[in-house]
Amino acid sequence: MVATACNGGGLLCYKVLSVSMMLILLLRSGLVEPAAAACSVDAIYSFGDSIADTGNLLREGPVGFFASIGSYPYGQTLRKPTGRCSDGLLIIDYFAMALNLSLVSPYLDKGADFASGVNFAVAGATALDRSVLLLSGVMAPPASVPLSSQLDWFKSHLNATCPSQEDCTKKLAGALFLVGEIGGNDYNYGFLQGTRSIQAMKAYVPQVINAIMDVAKEVIELGATQIIIPGNFPIGCSPSYLSLFSVSGSGDDLDNRGCLKSYNAFAQHHNEQLQAAIDGLRKANTDVTIVYADYYGAFMHLLDHASLLGFDQGALLHACCGAGGAYNFNMNMMCGAPGTSTCADPARRVSWDGIHLTQQAYRAIALSLLMEGFAQPADAVQEIWSC
C-alpha cells in the first residue's frame, strides 16, 4: 500500500522512505505502547486548536460546537471520550508514537507527569486574540484560548519545571515544537458566522501569519531547535463548508473532487503566505530546523488515493457523524446531539463530524507527512524521526 501511494511522490518519497520502517507499523496499528529504542526527540510541545487538542477544552468546559466532545460517539474508536475532536487519535498522537514517546498530555491535566512533553492546544483556539477579532465583528467563543495565552501557559510550565535557565535550554534543545495548525478558526468564525466574504477575510491573513511567526520566534529565543509549522487544510472539502456554501444545482465553484474551489484557493493563499514567512524565519535562524507540514497537500493526496487507503469512495465528503443532508452535516445538530447518528465504520470515512477528521484519516495524513514528502525539508523530517 505504501509503495503504491509513493509512486506519485517522486524522489522525495524514496528519500523519506529510508526512515525506520517502524513508522509503517505504528501508523497502521492502533494505540500501541512506545518501543524502547531512543529517538533524537525526547518531548513534544504543541500549540494549536482542535486538530491537536488532546483534552484541554474538555477540562475547560466545552460549549457550542464542542459541547459533545466529552461524550460518545466522540472517542468511540478508543472506547472512551478523551477530549479529542474525533473518533480516535490525532496527527500529534501518531507523531509521538513514531518517536517512541507516550501520547502527549494536555496542559490542563494536572495529574499528568508530562514526561513526553506538553500539549497546549485548545479546540476552538485562534491565532489572533479575541479582542482583535471582535474589532472586526468576528465572534470567538468565550472559552477560546488564543495562541498568545497558550504561549503564556508554556512559559508558566517552564518556570515551574526548570531548576535553572541552563537546564531549561538543554531540555528544549531535545524537544520538537508543533506551532499549529492554527489560524483556521480565525477564518472559520468569520466565514461560518456569515460576517465576512473571502476577499474581506484575506485582510486577516497577514495578521494570522504574524501571530504564528511571533510564537515561533519566541520559542526559538527560549531554546527550541526543532519546529514544525503546519499549513491549513483545504476547507473547501469540508462537509461544513460544502453544506453552507455550495449552491444547489450549481457546480460552478466545485472542482473535480467536489470541493469548493474559492474556499480552497483561500486556504492556499494562507499557506503560501505562511511558507514565505517560514522561509524568512529559516534565513534568520540557520541553526534551527524549521519544517513546513503541508496538511493541504497531504489531505488532497488522501482523497486522490482514497480507495487504495481503504476509504469509502462514495462518501469522501460526507461526515460520519451528523444529521443528514447532502453532506450529513447540520450546523444546528452537531455530532452527538439528539437526532444525529454515526456511520457504521468510521475507519472507512475521512470526515468525522463535518469539521474534523476520523482517526483513520489523521493516520493516513501523518504517514504522508512523515514518509511521503509532504513535510519539508524532507531530510530534516528524516533526521527528526531517525529512531
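Q: Let's start with H9: which of its residues are buried?
A: In this predicted model, the buried set in H9 is Gly184, Asn185, Asp186, Tyr187, Asn188, Tyr189, Gly190 and Phe191. That makes eight of its nine residues, so the helix is mostly covered because buried here means under 20% relative accessible area.

Q: How should I think about which way residues on a helix point?
A: The general idea: an α-helix has 3.6 residues a turn, so residues three or four places apart point the same way. With H9, the next thing to look at is the cover. What covers its buried residues includes helix H6 (130-135), helix H10 (198-201), helix H11 (205-222), helix H12 (239-245) and helix H13 (261-284).

Q: And which residue follows H9, with what sign of phi?
A: That's Gly194, and its phi is positive, near 70 degrees.

Q: Now go to the other side of H9. Where is Glu181 found?
A: Glu181 is in the loop between strand S3 (175-179) and helix H9 (184-192).

Q: Is Glu181 buried or exposed?
A: Glu181 counts as buried, because its relative accessibility is 6% and the cut-off is under 20%.

Q: Which residues does Glu181 touch, leaving out those up to four places away in sequence?
A: Glu181 touches Gly48, Asp49, Ile51, Pro230, Gly231, Asn232 and Tyr295. There's also a link to the start of the helix: a polar atom of the Glu181 side chain lies 3.3 Å from the backbone nitrogen of Gly184. For a sense of the fold, take Phe233, which is 52 residues from Glu181 along the chain, yet their C-alpha atoms are separated by 8.7 Å.

Q: Pro230 belongs to strand S4. How do I read the two sides of a strand?
A: In a regular strand the side chains alternate between the two faces of the sheet. In S4, Gln226, Ile228 and Pro230 point one way, while Ile227 and Ile229 point the other way. Both groups are buried, and S4 (residues 226-230) is described as mostly covered, with five of its five residues buried.

Q: Which strands does S4 pair with, and in what sense?
A: S3 and S4 pair in the parallel sense over two bridges. On that pairing, Leu178 has Ile228 as its bridge partner in S4. S4 also pairs with strand S5 (residues 289-293), again in the parallel sense, over five bridges. There, the bridge partner of Pro230 is Ala293.

Q: What about empty space inside? How do I look for that?
A: Rolling a probe the size of a water molecule over the atoms shows where empty space is left. For this model, the count comes to two cavities of 30 Å³ or more. The largest cavity holds about 440 Å³ of space.

Q: What lines the largest cavity, and which residues lie nearest its centre?
A: There are 29 lining residues, and Ile51, Asn188, Ile235, Ser238 and Ile355 lie nearest the centre. The elements giving two or more residues to the lining are H9 and H12. H9 has the largest share, five residues. Two names should ring a bell: Asn188 is on the list of buried H9 residues, and Ile51 is one of the residues that Glu181 touches.

Q: Can we zoom out? How many helices and strands are there, and what fraction of residues is buried?
A: The protein has 16 helices and eight strands, and 55% of its 387 residues count as buried. Among contacts between residues at least 6 apart in sequence, 74% join residues at least 24 apart. As for the outside, the protein exposes about 15000 Å², with carbon and sulfur atoms supplying 53% of it.

Definitions and conventions: Residues numbered from 1 in each chain as written. Predicted model: local features only at pLDDT ≥ 70, side-chain atom pairs only at ≥ 80, totals over all residues. Heavy atoms only, no water. Helix = DSSP H or I, 4+ residues; strand = E, 2+ residues; numbered from the N terminus. Buried < 20%, exposed > 50% of the residue type's maximum accessible area, 1.4 Å probe, protein only. Contact = heavy atoms within 4.5 Å. Areas by Shrake-Rupley, 256 points an atom, 1.4 Å probe, with all protein chains shown as cover. Polar contact = N/O pair within 3.5 Å; in protein donor to acceptor, adjacent residues only side chain to side chain. Pairing = 2+ DSSP bridges. 1 Å grid on protein atoms, 1.4 Å probe; cavity = no way out; pocket = protein on both sides within 12 Å on 5 of 7 lines; lining within 4 Å. Points joined across faces, edges and corners; volume = space filled by probe spheres on them.
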